[in-house]
Amino acid sequence: MAWVNRELLTSLIEKLPGGVAIVDSEYRYLVLNSSLAEINGVSITDTVGKTIMDVVPELADEVCGLIDNVLSTGKDKLNIRVEGKTRSSDKVRLWQVDYKALPLDGGYVVLINANEITELEEHKLRLAQSKYYLKSVLDNLFAFVGVLTVDGTLVDANKAPLEAAGIRFEDVYQKKFWDCYWWAYDNAVQDKVKSAVAEAREGRTVRFDIEIRVDENGRMPIDFMIAPLTDQDGQIINLIPSAIDISARALVESQLRESERRFREVVNKTTGGLVIFEESGAVKFVNARAHYYVGSSEEDRCYAPSFFDWFEQKDASLLTEMVTENPSGKENAQVGLVRCDGRVIPVELGISLFEQKDKSYLATISDLSELAKSNAKLSELLSEKTILLNEVHHRVKNNLQVISSLLNLQSRYVDAQTSRHFLMCQQRVRAMALVHQLLYESEDISGVNVGVYIQKLVGLLQDSIGQVADTPLIQKIHFDLPEQPIWLDVKVMVPLGFTVTELITNSLKYGQTESDPLELYVGLTLAGQEIKLWVGDNGPGIEPQAFFESQSLGNKLIESFTKQLRGSLTIEKTNIFMLTLTFPFKGKRA
């Protein structure tokens, strides 16, 4: 090849893309450009005239074989991938090479054009791996994901929706999305999906709950969304539909709705009115009973918008103050509820804090109309009963007083010994009469103030004893009675009055001495659930054994009344002869 031709040829191939060289049948480089010299890692000067084996020994076998084929056949070998190392790098690299036969002097030389594709292939590999990983991730998601072209044609889908429907990808590939198996069970459903695709094509994201058809023609509720996918220039290149199975959520929502229905049914069937209102008074909820009280209905809400205006003006300001100033949020009040027709009914209102966050309150309303009527009726009946009982006690007292008077009259016509017996009977009758007198004189007819009773009874006994000759006079009476009233039932007071009468009579019988005037000691205490009553005197008294062995009428009465009171009797004989009656307390304190 002439020098001028070589120079021209060198200039020409220098301008060609990629690495270019011409080799002869001896594999010697005739010319090459700088790109190929850079690929080989050997300068143009050191390459020209050298063989392929000298320049790229690791690639020589493969390259020389391809050159031989071109030289022997005269046919080009195009797009041949050559992989290996050159002196320019220790890294294995990849080239795409064309080998073309050029006729020369009745034979051929070979034009080599090499373009390195190492980075391109690595990029393709990374892209393929990325797609594989993405596909693997999507296939392992519970979510349903697909890829559509802009016109709505399905070009990809992960495993989840396919397995749920029991279909293959081929069954839906290249189909319009709304015509796919999942939606093809109902025309309205298909139209809704088609409309969503159209909106996404316009750049909008669409989301709604819907049901898809799954395996064995079943249905599955899903949360569906379709959104546009854009490139770096903002152009829509695909549409991405996705969905998640909301069967569990739908079940919970269904259960919640059922629970709410039952709750409303219970709330509406409760016997009391329930109202939820805000701190400002704005009404948020009214149950059926509250509607009934106010005279409204769910459809015709004629009640005032503010809960505080449901009540009489004097009560409304009170309720406002209760809600705003009561930190615990709980109050009760009896107020007047103003109905829609203007009538006012008495109600009991309870208010409790319902929600701390938004300061809402729950009001419970109970109609007191019937209760007020019942209470009035009961009060009337109680008043009548009290009047009747007072009349009964008054008449019994009068009758007993008549008996006492008859005994007194009769005692005047008998001897002294017999008169004493009449006196004892008269005292016992007076003890009973005094109980009934105190009952009808008291506002509370359920019991008798035992302290007052004892004082009056002792006074009556003192008066009656003074009327009988040879009966010792009582010089002084020492009372030790509680300051606070103690009320005992009639069933207790009658035997207690008899016992006091017999004990005082006993003191008169045995307590008098020639030297000392008679003094009585009468007291009563209440300790816990036990009452102690004592009667004593300053006389010598009687020996305890002799007292308990006595068969006198008085002693028998004391023993009988003690048993009736479920009590016990003890005797103390020191400076004062004291008889103490202890019995259980079944009355009431003041």
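Which residue stands opposite isoleucine 276 in β15? Let's work up to that one and a few others.

Some ground rules before we start. This is a predicted model, so local features need pLDDT of at least 70 and side-chain atom pairs count only at pLDDT 80 or more, while totals for chains, interfaces and linings use all residues. Residues are numbered from 1 along each chain as its sequence is written, and side-chain values use heavy atoms, with hydrogens and water left out.

**Exercise 1.** Find the partner of isoleucine 276 in β15.

*Solution.* Start with the strands, which are DSSP runs of E with at least two residues, numbered from the N terminus. β11 covers residues 273-278, and β15 covers residues 360-367. Next, check the pairing (DSSP must find at least two bridges between two strands): β11 and β15 are antiparallel, with 6 bridges. Now read across from isoleucine 276, and you land on leucine 362.

**Exercise 2.** Work out how β11 is linked to β12.

*Solution.* β12 spans residues 283-286 and pairs with β11 in the antiparallel sense, over 3 bridges. Valine 275 sits opposite valine 286 of β12. The two strands make a hairpin with 4 residues between them. In that turn, look at glycine 281: its phi is positive, about 105 degrees.

**Exercise 3.** Decide whether β11 is mostly covered or not, then set that against the chain.

*Solution.* Count the buried residues (under 20% relative accessible area, 1.4 Å probe, protein chains only). β11 has 5 of 6 buried, so mostly covered is the call. For the protein chain, buried residues make up 39% of 590.

Note on methods
Buried means under 20% relative accessible area, exposed over 50%, partly exposed in between (1.4 Å probe, protein chains only).
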